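Biologist: I'd like to learn how to read ligand sites and buried residues in a model. Could you walk me through one?

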Amino acid sequence: MASAARLDLDGNAIKPMTICMIGAGGFIGSHLCEKLMAETMHKVLAVDVYNDKIRHLLEPATHPWSDRIQFHRINIKHDSRLEGLIKMADLTVNLAAICTPADYNTRPLDTIYSNFIDALPVVKYCSENNKRLIHFSTCEVYGKTIRSFLPKDSPLRQDPAYYLLKEDASPCIFGSIEKQRWSYACAKQLIERLIYAEGAENGLEFTIVRPFNWIGPRMDFIPGIDGPSGGVPRVLACFSNNLLRHEPLKLVDGGQSQRTFVYIKDAIEAVLLMIDNPGRANGHIFNVGNPNNEATVRQLAEMMTEVYAKVSGEPSLEVPTVDVSSKEFYGEGYDDSDKRIPDMTIINKQLGWNPKTSLWDLLESTLTYQHRTYAEAIKQAIAKPVAS
Ligand SMILES: NC(=O)c1ccc[n+]([C@@H]2O[C@H](COP(=O)([O-])OP(=O)(O)OC[C@H]3O[C@@H](n4cnc5c(N)ncnc54)[C@H](O)[C@@H]3O)[C@@H](O)[C@H]2O)c1
Ligand SMILES: O=c1ccn([C@@H]2O[C@H](COP(=O)(O)OP(=O)(O)O[C@H]3OC[C@@H](O)[C@H](O)[C@H]3O)[C@@H](O)[C@H]2O)c(=O)[nH]1
């Protein structure tokens, strides 16, 4: 239960504030809303076109927080109510975006509009009304590592100087324009630069978050169950879907790319620290990830297969993975980040935050949720005769 006497990192009492959260109905937004309702006295003006993932917080009206969360069904592309909500709030958190790689090369215009053009009014309203902004960018702004351009046998490949991703030092390295995969990263980079410039020239109080593969319950959708049957979500949902349907997990280009995965609940702790400690968070760009949870996509597939067998009690397939080319899986114009390890210096220094949950543990709780939520629906969908 929320207590009025919460203290910030400098020992001062935290005053309850009103937060305009755009994209509150998504994966990260739903967890942030949960945290804010359960542990703080902050109010949330939740803006999104969907609210399925936060419905449990909005109904029934008997929740102790029912007067602290309001849902506004607004498409920020074209709705004049947005400025009023930002003016009403002390802080705006912008999460709204198209952020699934399958869209970057197949819907590049929508991707660029969503991640850059649609975010512009949000930045402008915050700047003009002297409101604080926490904007969600991405670890994809780093693109590829310097290491990936070194010869395969170079000993420098083992040197973190060539792969560790640092907010204030690493370059942003994208592929050529026809590799439309980078439309998302490039749009996010430009909005970061714009926000930074608003801070420098007009005094906007901002924080930029670069999430490194946050994963957990409610991420994306399971195709054919709570999303389009031909849809391609992010890797956690793709692999969950394969496991639930007893199909081999598809490894794009051999599954050699490396990622670090952080549990959503750990990452949300970091966001709450930013919200509650403006003096330490304003003007900063933060990597938020778990450098200890690195795996190749192949290793992730193998671990998810093992964990799923444990939590479902169902044996795994004899051949649990299958290779697929990126062209076949994502289409023309796909490209990939080779390796993503966040440097943690800035977030450690400013907010004292460190992730806690191991990859195995976070997969165990997430796949338990996936099994409980979807296994029955998948069984029924598979059993249903196909309409002729
Ligand atoms: N999950 C991650 O690991 C991760 C990694 C890097 C960056 N991010 C960034 O974090 C943010 C949130 O990501 P997420 O994983 O929760 O994604 P998500 O797709 O689950 O959530 C985004 C939400 O924004 C809403 N939205 C999009 N366009 C909108 C519009 N025009 N008007 C109103 N609402 C709109 C969507 O309906 C959705 O609910 C995004 O900006 C994303 O780029 C996430
Ligand atoms: O079924 C699948 C799905 C994905 N993959 C691979 O798994 C890796 C991770 O894929 P994800 O779908 O999670 O997406 P990425 O990590 O590439 O990008 C994500 O990272 C940061 C955020 O900004 C976005 O949420 C998204 O762009 C990629 O190498 C992808 O090619 C598979 O091998 N098989």
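Modeller: We'll go through the two ligands, then the cores, then two buried residues. This is a predicted model, where local features need pLDDT of at least 70 and side-chain atom pairs count only at pLDDT 80 or more, while totals for chains, interfaces and linings use all residues. Residues are numbered from 1 along each chain as its sequence is written, chains are lettered from A and ligands numbered from 1 in the order in which they are written, and side-chain values use heavy atoms, with hydrogens and water left out.

Biologist: Which residues come nearest to ligand 2?

Modeller: A residue is near a molecule if one of its heavy atoms lies within 4 Å of it. Here 24 residues are around ligand 2, and Tyr 104, Thr 138, Glu 140, Tyr 184 and Asp 336 come nearest. By class, that shell holds 14 nonpolar, 3 polar and 7 charged residues (nonpolar is Ala, Val, Leu, Ile, Met, Phe, Trp, Tyr, Cys and Pro; charged is Asp, Glu, Lys and Arg; the others, Gly among them, are polar).

Biologist: And which polar side-chain atoms lie by an oxygen atom of ligand 2?

Modeller: Look for polar contacts, meaning pairs of N or O atoms within 3.5 Å; within protein, one must be able to donate a hydrogen and the other to accept it, and residues adjacent in sequence count only if both atoms are side-chain atoms. Asp 336 has a polar side-chain atom 2.6 Å from a ligand 2 oxygen, Arg 259 has one at 2.7 Å, and Arg 181 has one at 3.0 Å. The protein covers 96% of the 670 Å² of accessible area that ligand 2 has on its own (Shrake-Rupley method, 1.4 Å probe; for residues, only the protein chains shown count as cover).

Biologist: How much of ligand 1 does the protein cover?

Modeller: Start with the contacts again. An oxygen atom of ligand 1 is 2.8 Å from a polar backbone atom of Trp 214, and one is 2.9 Å from a side-chain N or O atom of Arg 234. The protein covers 90% of the 820 Å² that ligand 1 has accessible on its own. Helix H1 (27-39) and helix H7 (183-202) each give two or more residues to this shell (helices, H or I with at least four residues, and strands, E with at least two, are DSSP runs numbered from the N terminus).

Biologist: Which residues touch the most other members of the largest nonpolar core?

Modeller: A nonpolar core is a set of buried Ala, Val, Leu, Ile, Met, Phe, Trp, Tyr and Cys residues joined through side-chain atoms within 4.5 Å. Buried means under 20% relative accessible area, exposed over 50%, partly exposed in between (1.4 Å probe, protein chains only). The largest core has 66 residues, with Trp 214, Met 274 and Val 288 touching the most other members. Helix H9 (residues 264-276) gives the most to this core, 8 residues. Apart from it lies another core of 24 residues, including Ile 76 and Leu 204.

Biologist: Is Arg 181 buried or exposed?

Modeller: Buried, because its relative accessible area is 1%. Its side chain joins that of Glu 140 in a polar contact of 2.6 Å and that of Tyr 334 in one of 3.2 Å.

Biologist: Where is Asn 287 placed?

Modeller: Asn 287 sits in strand E12 (residues 284-288). Asn 287 counts as buried because its relative accessibility is 0%. Its side chain reaches the backbone oxygen of Leu 165 at 2.9 Å.
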